[in-house]
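Trainee: Could we go through this structure together? I should like to understand how its chains meet.

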Amino acid sequence: MLQNKSFVKRTRGGKITKVVREHYLRHDIYCGAPVCKVCDTSGARLSPTASTILIFDTNVVLHQIDLIENPAIEDVVVLSIVLEEVKNRNLSVYNRVRALCSNSLRKFFVFSNEHHKDTYVTDMSGESKNDRNDRAIRVAAQWYQSHLAGSAKVLLITNDKENKRRAIEEGISAETVESYVRSLSRPDLLDLLVQPASEDVKMEDVEDLRPSKRKVVYSEHKPMSEITSGLHCGIYHQGKLRVNRYNPFEAYVGSESIGDEIIIYGRTNMNRAFDGDIVAVELLPQDQWHEEKSIALADEEDEQEEDVHLVPGSADDAPRTTAPHGSAGVTESVPNRPSGRVVGIIKRNWHSYCGSLEPMAKPAGGGGIAHALFVSKDRRIPKIRIQTRQLENLLDKRITVAVDSWDPLSRYPSGHYVRTIGVIGDKDTETEVVLIENDINTRPFSSQVLACLPLLPWFVSSEDLANPIRQDLRQLRVFSVDPPGCKDIDDALHCTALPNGNYEVGVHIADVTNFVHSGTPLDDEASQRGTSVYLVERRIDMLPKPLTEDICSLRADVERLAFSVIWEMTAEAEIISARYTKSVIKSCAALSYIEAQARMDDSRLMDPLTTDLRNMNSLAKIMRARRIERGALTLASAEVKFEIDTETHDPLDIGMYQIREANQMVEEFMLAANVSVAEKILKHFPLCSLLRRHPTPTREMLEPLLRTAAAIGLNLDVSSSKALADSLDSAVGDDPYFNKLIRILATRCMTQAVYFCSGDLSPPEYLHYGLAALLYTHFTSPIRRYADVIVHRLLAASLGIYKLPTVFQDGPRLTSIADNLNYRHRNAQMASRASVELHTLIFFKKRPTDTEARIVRIRSNGFFVFVPKYGIEGPVYLTPRGEKGGGEWYVDEQQQKIRKMDGSISYSVLQTVFIHMEIVEPQPNRPKLQLSLV
Amino acid sequence: MEYVSPEGLRLDGRRPMEMRQIRGEIGVVDKADGSAVFEMGNTKVIAAVYGPREVPNRSQQMNDRALVRCEYTMANFSTGDRMRKPKGDRRSTEISLVIRQTMEACIMTHLMPRTQIDIFVQVLQADGGKSRCLIAAVGTRSACINAATLALSDAGIPMRDLVTSCSAGYLNSTPLLDLNYVEDSAGGADVTLGIMPKLDKVTLLQMDAKLPLDIFENVMQLAIEGCKAVATYIRQVLLENTKQLEYRRGTHGQSPAYSAFKVLFSAARRFIAVLMKFDGGYIMETVFDEGSRLKIKHIQSSIPNQRAVFRF
């Protein structure tokens, strides 16, 4: 049945046009109840024994999604009109509802009421869109009621008084969310409820709660129409707000209209915006640009809290280079950076946050409603006010909380409790918090994904061997070198001396794309996860376990499929030719780095494998030397390693990760393979290759390194990577650790390398600064990185073995994949670091330690030290917190020194100090590592 | 954007393999030798055919075949804003050409040397909002070709077969039949296909995007199904019209031509369809095996006092 839908719409140019769309009504839309005798029940999703079928209205879905996700809520009919409205208003809620509807364990059914012949309602004149949709919901509820007459009760859940009244008038049973949840007699569900945001109630609330705050804290947001016109004529600027990870009172808005970042100082100017929100910003007059800053700083000092943390791995992790003490150079540059204030929020980025409740006195009467403040683990998020009926339970728990609203009258946003993760301080709880914070998917693989796996036990079949694209390399002496206990072995090597004095060197990488085909659920899942995540005691795989640990893993003495890069090299490690082929290999040994090193060092061993190792090592040394000659940086990071108790999984010992020659040998060949493959795929697919680049750091980014170096009389040349590498090499101090420390400081100034799609940038930008390679990509770890899977497909296509999947023709899609990979990669790193931090905390809990540390940064009331042995960094306070350091201590910015006024003691950067490390609990359940001078 | 919901419904409520509502009517312009209106959803097109007639411009006359001309226009009121459009802009020239070539492929031009056939197609209503929008114009191609086929049949121009057209696209990894305006503007691949359904020959194939070959084949197969469905419908319209005329003449139920036609229609496997207009205003589809003159004679002789416009 054809029905025309017509509506008027304002076009982008501002004109108003009438739009007419076809709208077909159907007979073949079924009710989804298995008990139904009329409908086709093959697609039925509701449970056969359902006594009550729930229908939610749009606002309930939008606001109570946390409740709806709770397994207590079942047998829900989601109307398509509701879905459509939710989609228009909040995409993330829409995605969550969609996930519920597609989850086979939940009984959610989508009923396309808008296309059903009996439930479609035509617009009535004078009726608003909302009223029409409410009517459509009621009509659908009524249809269900009469359709399922007798077999199930239909309950419409709405919080809209008018809608409820009309529904009851029309003979539909309707209830508010609250009364429905009460009827379930599950008090824990009540906490998930979002309190109705009826205006007058709210005002009273605020008055009752904190009378002193009953004033307007934030200015009102501008209405959307004003923002749009403001953006149009250039008064306002639109952009995504990013809050400084290390200073929640400072945020940046990257604005296209200005072409620069606008800085926003202080919560008042941020005007209730969260990190990630799309906001409209108004620039402050230029004379206020600096003044605002000092106010914000004063404000910030009371709450800012420096924690002990791991050494940042790169510039992205480190705090921005703000000089809080206003050195001469910085004061000049500040007015050039525009600062502004938020006037409106175009799109919210609210989601749920992990954290805990601020400690407070237990309420007198148990069971009543208590108001509590929630503190997020993520420091960028302000405290959130929540209501709870289970305060006693929650005080010592890690919980997640969702934000509902932020009233201009209230200092903090209000939200509601979502779920409890576990007890604070418990290792599993904290690990889970780390995973949630970094948006890491730890859910087990779905059955659709597992269905894509080959049957176990899996062997190389005769078909694989007969396949003309696959070369049989089983006769080669292939071996792998990995960290001890490595189960997902994705690379193996071989090195054969040729009669002409050259070497044939092969890098064999697990042929993951033979099992992970483009477009399958398995591929989608892997592309979403992006990378495996390695925590101290746990690994979260990108691919299901049978693939990572068995089928793809190039273990010793079994035949495995591989993708090989084979070079012919001279004894001087010059590559004469390179070829690429899919292959079958049989590894003869899976060595650990230690074993490989021991074999090379043991001069008595002369077996062929050891000879191969030695040959490879000498080739690798030449390649490495050449790479360094080209200007590759040898950067250092303070990676630590834990020894974990096998029973309790508590860390027993902690130490720096030792790098051996064998590590460097494997690394060298992997780099070479990656570079070779990058060249090959770029030659064939100049527009859609996935490469990895490392941007050249700007002088501004290297500023902290230069300042430190200058203070200790070291002159670093940063004009090119080669110059920097050379000056880093020559920076040898009086003690062995000095050079490494400088390298760590240098590493911290660099940004991270990123994946990108070659069509998006011009060739000079492809440069990988750190490796001094014009082209680079990731090819060698397809088991744990999705980027490598993509590169494998590109390489196979460039050899003409397989067709290029269709994704590669879609430029924007490729870019979004690369962005997701960067995001996942970064999150995985953050999670690993957080996991190490967590274990450090557990380690020192029982072992207060005195150790040697190096000063890396000077602050007004103390300094930051780096503890080489444990790879951690943290503040040492010279004056007690709270007091400003101004009186007693004097900071010499030029010399990077802090000096006592009477000149008796002074500390300068890079100086060695002895410190005491101990876990203290200033507040209950908030353990932190404290460093103090011995 | 989600063009096919997980429930399997498209934005307008169709399933992926379903066409929009189609409607055809012939004989809408009395003055023309043949005319038709064809609707596909919200797209509405009128076509009028004049000819075969003398070639006014003698220099264009061809001695071995007929000259086919086509003019495509969009009515000023066919879209939301009524801007005056220049005649003969690039887009309408292109669509005119497409329609001309498609129709020329099926008209038996060699039977009508030194004549001219004019096909006028005008879009009365275009789906979509903006005027001069490429998609609004391109989306009308199928409807134009179907309207032209109907009008040519109405005019009794001998044709090898009906030409029917339909589009298919590929969005959200799903092949979709007969794209509407919103789907067309999504920027995915869009295949416009014109076929001669009985001969299984393609006369028009346009696609302005890239698709992998295996997917393209699926999409094309879907478009072929669509074309065949349109052909079935057009045939129905023609039959219905013939019946109407029979009623008007009072010869319903006894026309030997009609029954002979039916027999042959079901029996013939490989055949040529010729649509003829008899001077009494009959429109009839005669179907016969290729090269079989016997049957033609049989049909012709079975209708008393009838003179076919074209003799073989």
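Mentor: We shall discuss the interface and then one annotated region. This is a predicted model, in which local features need pLDDT of at least 70, side-chain atom pairs count only at pLDDT 80 or more, and totals for chains, interfaces and linings use all residues. Residues are numbered from 1 along each chain as its sequence is written, chains are lettered from A and ligands numbered from 1 in the order written, and side-chain values use heavy atoms, without hydrogens and water.

Trainee: How many residues does each chain bring to the contact?

Mentor: Chain B gives 24 residues and chain A gives 20 residues, where contact means heavy atoms within 4.5 Å.

Trainee: And how much area is buried there?

Mentor: The two chains, B and A, bury about 1,800 Å² between them, with 44% of it on carbon and sulfur atoms. Buried area is the accessible area (1.4 Å probe) that two parts lose on being put together, summed over both.

Trainee: Which three residues supply the most of chain B's share?

Mentor: B:Glu7, B:Asp12 and B:Asn42 supply 26% of the area that chain B buries against chain A, more than any other three residues.

Trainee: What does B:Glu7 pair with in a salt bridge?

Mentor: Its partner is A:Arg98, and the closest N and O atoms are 2.9 Å apart. The rule (a side-chain nitrogen of Lys or Arg within 4 Å of a carboxyl oxygen of Asp or Glu) finds four salt bridges across this interface.

Trainee: Changing topic, what is annotated on chain A?

Mentor: An unreviewed UniProt entry carries the annotation "domain: PIN" for residues 52–165 of chain A; such annotations may be inferred rather than shown by experiment.
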